[in-house]
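Please look through the sequence and the model below before reading on. The paragraphs after them are meant to be read with the structure open.

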Amino acid sequence: MARNPGRPRLGVLPGFLVALSPLSQLGFTPVSLVLGERLGLSVGQVGLTVGAYAAAAALATVVLGPVFDLVSPRRVLPVAVAANVLLSASLLLEPGFAGILAARVLSGVTNSALVLCASVVVADANRDDGTARERGFSRLQTFTSLGAVVGLGVGAAAAGLGRPHLWSWTVVGYGVLVLVLAPVIARRLPPVADRAAGRSAAVRVRTVLREAATALRVPRTAGFLLAAAGVGWAIQATHYAVGILAEELSPPLTQRIALSVMIPAGVFVGAGLNQFALSRRSAVQLFGRAYPALPLACAVLAVVVGFSGAWAVSALLVTLVLLGTVLGVLMPLSPAVLVGWHPDLRGSVTAADSVAKGIGSTVSPVVLGGVAAATSLSGGFLVLAVVAAAAALCARPAPGRAS
């Protein structure tokens, strides 16, 4: 169905929302070490401030997904952005272990709300235009990867200079910009009919949860969620492996920074290719046909890691960009497809996609580390490739379900 020409276009505005999340999340990782040293925190305490963010974000996604099927993002958006700005600003005061831990937990919650807001905004604005919706999710991925590159770069620079406040001020400044844009985005949102008007809040919640549970048991939906978990499996394990390699190779600072940003840089490229490819194929077709490149890229990475020499770092950089490109093509497709299949549950299925990727991201570093300790890091990547190949089978569209 053609887009209503009278409806205001959102364009790239939702992308500004999702960029705040990786800027806040990834940039904190290198900065946390400097803050920890200043405050006399142990390595375990610093690690807890980093891990608590991911745990809080995952839990918040599970809870908030169904909520966004009942509550308009207009209500949540300004509150989530304002809270994120205040939490980032609080780190300028260096509040101690308890204060930093609380700020990171709450930041995980607010950033989860922002990402879900952006996804629901794209889904609602393009409810009657599947192609525009799929491209909208690809633009979200483009901004996410851009935020990741900037966050990692600013965080690494701030840590290298011993000035963590540079990162905090960057997040606060960008958050203020998003806060200014929030009313503009809210005004451009189309009205969405209330499916449960006249019912009590308890009845509405039960209805959404029951419908979401039914939707997630549909075989094609469950299959796509397994494939999404495979994407999370690959990307987090690779980030973890890059850290291991950086310690083993001890490259110069410039190469170390380059290693850390190659994957998100590739994701940025892949998200752009995604938008071009969607003009020729549906999201379901593209997901199924592009997915086999993921286990292939993991296998190539295993070969590159298994060799050493003067060319090793250069080959590794190229391979990481290629892997990131594949991930950039795949990552925005699964939520776009799921929202297209279940438009009235766009918050719940988007949350389910995030949780599936989060499960893969949680398990894969443990598996990679265990295999690498028992055999080699190259062997760990081979295991990743095998699991990704199995997930590729789940990504294949069923006969008659290609559109």
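What follows goes from the whole chain to its helix packing and then to single residues.

This is a predicted model, in which local features need pLDDT of at least 70 and side-chain atom pairs count only at pLDDT 80 or more, while totals for chains, interfaces and linings use all residues. Residues are numbered from 1 along each chain as its sequence is written, and side-chain values use heavy atoms, with hydrogens and water left out.

The chain holds 16 helices and zero strands, where helices (H or I, at least four residues) and strands (E, at least two) are DSSP runs numbered from the N terminus. Of its 403 residues, 51% count as buried, a term that means under 20% relative accessible area, with exposed meaning over 50% and partly exposed the range in between (1.4 Å probe, protein chains only). About 17,200 Å² of the chain is exposed, and carbon and sulfur atoms supply 68% of that area; accessible areas come from the Shrake-Rupley method with a 1.4 Å probe, and for residues only the protein chains shown count as cover. Among contacts between residues at least 6 apart in sequence, 84% join residues at least 24 apart, contact being defined as heavy atoms within 4.5 Å.

Two packed helices are described by the angle between their axes and the distance between the axes. Here the axes are lines fitted to C-alpha atoms, for helices over the stretch in contact, and the angles run from 0 to 180 degrees between N-to-C directions.

Begin with helix α1, residues 13–25, which packs against helix α7, residues 165–188, at an angle of about 155° with the axes 9 Å apart. The two helices α1 and α7 are therefore roughly antiparallel to each other, given that angles under 35 degrees count as roughly parallel, over 145 as roughly antiparallel, 65 to 115 as roughly perpendicular and the rest as oblique. The crossing in which α1 passes α7 is left-handed; a crossing has that hand if the near helix is turned anticlockwise from the far one by less than a right angle, and is right-handed if clockwise. On the α1 side the contact is made by L13, F16, L17, A19, L20, L23 and S24, and on the α7 side its residues include W167, Y174, V178 and R188. By class, the residues of this contact between α1 and α7 divide into 13 nonpolar, three polar and one charged, where Ala, Val, Leu, Ile, Met, Phe, Trp, Tyr, Cys and Pro count as nonpolar, Asp, Glu, Lys and Arg as charged, and the others, Gly among them, as polar.

Helix α1 also meets helix α6, residues 130–161, where the axes come within 7 Å and cross at roughly 35°, and here α1 passes α6 in a right-handed crossing. P14, G15, F16, V18, A19, P22 and L23 of α1 touch L140, F143, T144, G147, A148, V150 and G151 of α6 in this contact, which has ten nonpolar, four polar and no charged residues. Helix α1 is mostly covered, with eleven of its 13 residues buried, among them L17, A19, L20 and L23.

Further along the chain, helix α14 (residues 333–341) and helix α15 (residues 346–374) have axes that come within 9 Å and cross at roughly 150°, and α14 and α15 are therefore roughly antiparallel to each other. The crossing of α14 past α15 is right-handed, and the contact joins S334, P335, L338 and V339 of α14 with R346, V349, T350, D353 and K357 of α15. Its residues comprise four nonpolar, two polar and three charged.

Which residues does S334 of this contact touch, beyond those up to four places away in sequence? They are F224, A228, F287, D353 and K357, and S334 counts as buried at 1% relative accessibility. P335, also in helix α14, is buried at 8% relative accessibility and, with the same sequence neighbours left out, touches F137, D353 and K357.

M331 lies in the loop between α13 (312–330) and α14, and counts as buried at 15% relative accessibility. Leaving aside neighbours within four places in sequence, M331 is in contact with Q141, V231, I235, V267 and K357. The C-alpha atoms of M331 and F137 are 9.2 Å apart, although 194 residues separate them along the chain.
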